[in-house]
Amino acid sequence: MNSKIVYLDNNATTPVAPEVKEIILETLDIYGNASSMHGPGRLANAAVSHSRKAVASLIGAEPEEIIFTGGGSESNNTVLNLVFSDIFENTGRDRIITTKIEHPSIYETVQTLETKGVKVTLIGVDGKGNLKMDELEEAMGDDVAIVSIMMANNEIGTILDIGEAARIAHSCGALFHTDAVQAVGKIPVDVKALDIDFLSLSGHKLYAQKGIGALFIKKGIPFCPLIHGGHQEAGRRAGTYNNTGIIALGRAAKLAEDQMEQEIPREQALRDDLKERLLATVPDITINGDQEAILPGTLNVSFPGAEGESILLYLDLEGIAVSTGSACATGSLEASYVLLELGLGPELAHSSIRFSLGAYNTQEDVDYVLEKLPPIIKKIREMSTL
Ligand SMILES: Cc1ncc(COP(=O)(O)O)c(C=O)c1O
């Protein structure tokens, strides 16, 4: 195993930032239950409040509009399950609209809800992953309870037009949610300007640890908890506060807010350099996703004639961590539903690799990939023609 690691899978998860690690270690002694009235409890409560402010500030929200959750999946499930709550009882609203390229925590959740009687409409995207706005408009009706559209796609990095989608949803009286797990911390997000009702975010995509996330709930919007059994989060999410996770998320949110202006052009430059030099050195490759409205560090490439899994494994031997457009499910390799939805054939979808750069990637990392990858593709292509 190569001891060098060039980690280019930051859309899957990010390493914990040293500044975040430091505050986790410093605050491990904040053991009080943030709901307790005594000194240790008040100390924990103050730390939780401080983090809440930092998370709110990153997305242009008020602190009381943020609840902490166990991650992006929980935040997403919480919002989608509102369809069963008394908010929609006797309203005739029993339909959810979402897209065909959502993360499984939306996509599979709506499939489950469908088996329980919820109506679901899936909206398509164009060849670059942009939402088909006319399809959304046509699908709307006064039976729609929730419209949930992701802010940025995890596989291809395309940034969707959430402001317009929210406007369309609201024009029919539906609530609007966005899964912004891939966007928050990477690009500026302003819930007020976008007129969003609910937004999901996740700590481990922005250099905090796994298992902590948040949900933005716009002030005045009706809400019911998914997790019952305690008065935490003003009755919106039961469970003793995860002090270290919350403190870490707050620190990571502040770091992201402070560094975003410099970090966006830095990651874009590295990603563009990788893209341009790959296009120049590896024949017949294609780039997936919108190349204008795209997350700064994401690059999804199809290498026809080479299987994504083989590329991934050869790169891994060189210490380079990337991901494929395919998911290994029940022993069979299924092509990515996101790439198929863009109109890629199964062969192209199977030959795709996602590079996702993050805060700790350098020019040296990009140069290393450009040294190792072209001969790997050549070798795999030669083997497959044999
Ligand atoms: C777009 C998107 N939504 C939701 C999630 C799930 O977040 P978590 O891992 O915090 O549950 C992910 C994680 O991969 C994601 O990329």
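Two bridges connect strand 12 with strand 15 (residues 352-356), and the two strands run antiparallel. One of the pairs is easy to find in this predicted model: threonine 324 has isoleucine 353 of strand 15 as its bridge partner. The pairing belongs to an open sheet of four strands, ordered 9-10-15-12 and antiparallel in its pairing. At the edges of that sheet stand strand 9 (286-288) and strand 12 (323-324), each of which pairs on one side only. Two helices pack on the sheet. Helix 9 touches strand 9, strand 10 and strand 15, and its direction makes about 15° with that of strand 10. Helix 10 (residues 308-317) touches strand 12 and strand 15, with its direction at about 45° to that of strand 15.

A second open sheet has seven strands in the order 2-8-7-6-5-3-4, and its pairing is mixed. Strand 2 (66-69) and strand 4 (119-123) hold the edge positions; each has a single partner strand, so one side of each is left without a neighbour in the sheet. From one strand to the next, the twist averages 20°. For readers who would like to follow one pairing in the viewer, strand 3 (residues 95-99) and strand 4 are joined in the parallel sense over five bridges. Within this pair, threonine 98 has leucine 122 of strand 4 as its bridge partner. Helix 2 packs on this sheet, where strand 2, strand 7 (198-202) and strand 8 (213-217) are touched by the helix. The direction of helix 2 makes about 110° with that of strand 2.

Helix 2 also meets helix 9, the helix that packs on the four-stranded sheet. The axes of helix 2 (residues 39-59) and helix 9 (residues 243-281) come within 8 Å and cross at roughly 35°, and the crossing is left-handed. On the helix 2 side, the contact is made by Ala44, Ala47, Val48, His50, Ser51, Ala54, Val55, Ser57 and Leu58. Helix 9 contributes Asn243, Ile246, Ile247, Leu249, Gly250, Ala253, Lys254, Ala256 and Glu257. By class, the residues of this contact comprise 11 nonpolar, five polar and two charged.

The next level up is the arrangement of domains. The protein is divided into domain 1, made of 6-15 + 261-385, and domain 2, spanning 18-255. Taken over C-alpha atoms, the centres of domain 1 and domain 2 are 28 Å apart. The contact draws 23 residues from domain 1 and 24 residues from domain 2. On the side of domain 1 that touches domain 2, strand 10 (298-302) and helix 11 (337-341) each supply at least two residues. Helix 11 gives the most to that side, with three residues. The residues on this side of domain 1 divide into 10 nonpolar, 10 polar and three charged.

Finally, the ligand deserves a look of its own. It is surrounded by 13 residues, of which the closest are Gly71, Gly72, Ser73, His103 and Ser202. The shell around the ligand has two nonpolar, 10 polar and one charged residues. Of the closest residues, Ser202 lies in strand 7 (198-202), one of the strands touched by helix 2 in the seven-stranded sheet.

How values were computed:
Residues are numbered from 1 along each chain as its sequence is written. This is a predicted model: local features need pLDDT of at least 70, side-chain atom pairs count only at pLDDT 80 or more; totals for chains, interfaces and linings use all residues. Domain bounds come from an automatic or database domain assignment. Ala, Val, Leu, Ile, Met, Phe, Trp, Tyr, Cys and Pro count as nonpolar, Asp, Glu, Lys and Arg as charged, and the others, Gly among them, as polar. A residue is near a molecule or strand if its C-beta atom, placed from the backbone, lies within 6 Å of it. Axes are lines fitted to C-alpha atoms, for helices over the stretch in contact, and angles run from 0 to 180 degrees between N-to-C directions. A crossing is left-handed if the near helix is turned anticlockwise from the far one by less than a right angle, and right-handed if clockwise. Two strands pair if DSSP finds at least two bridges between them.
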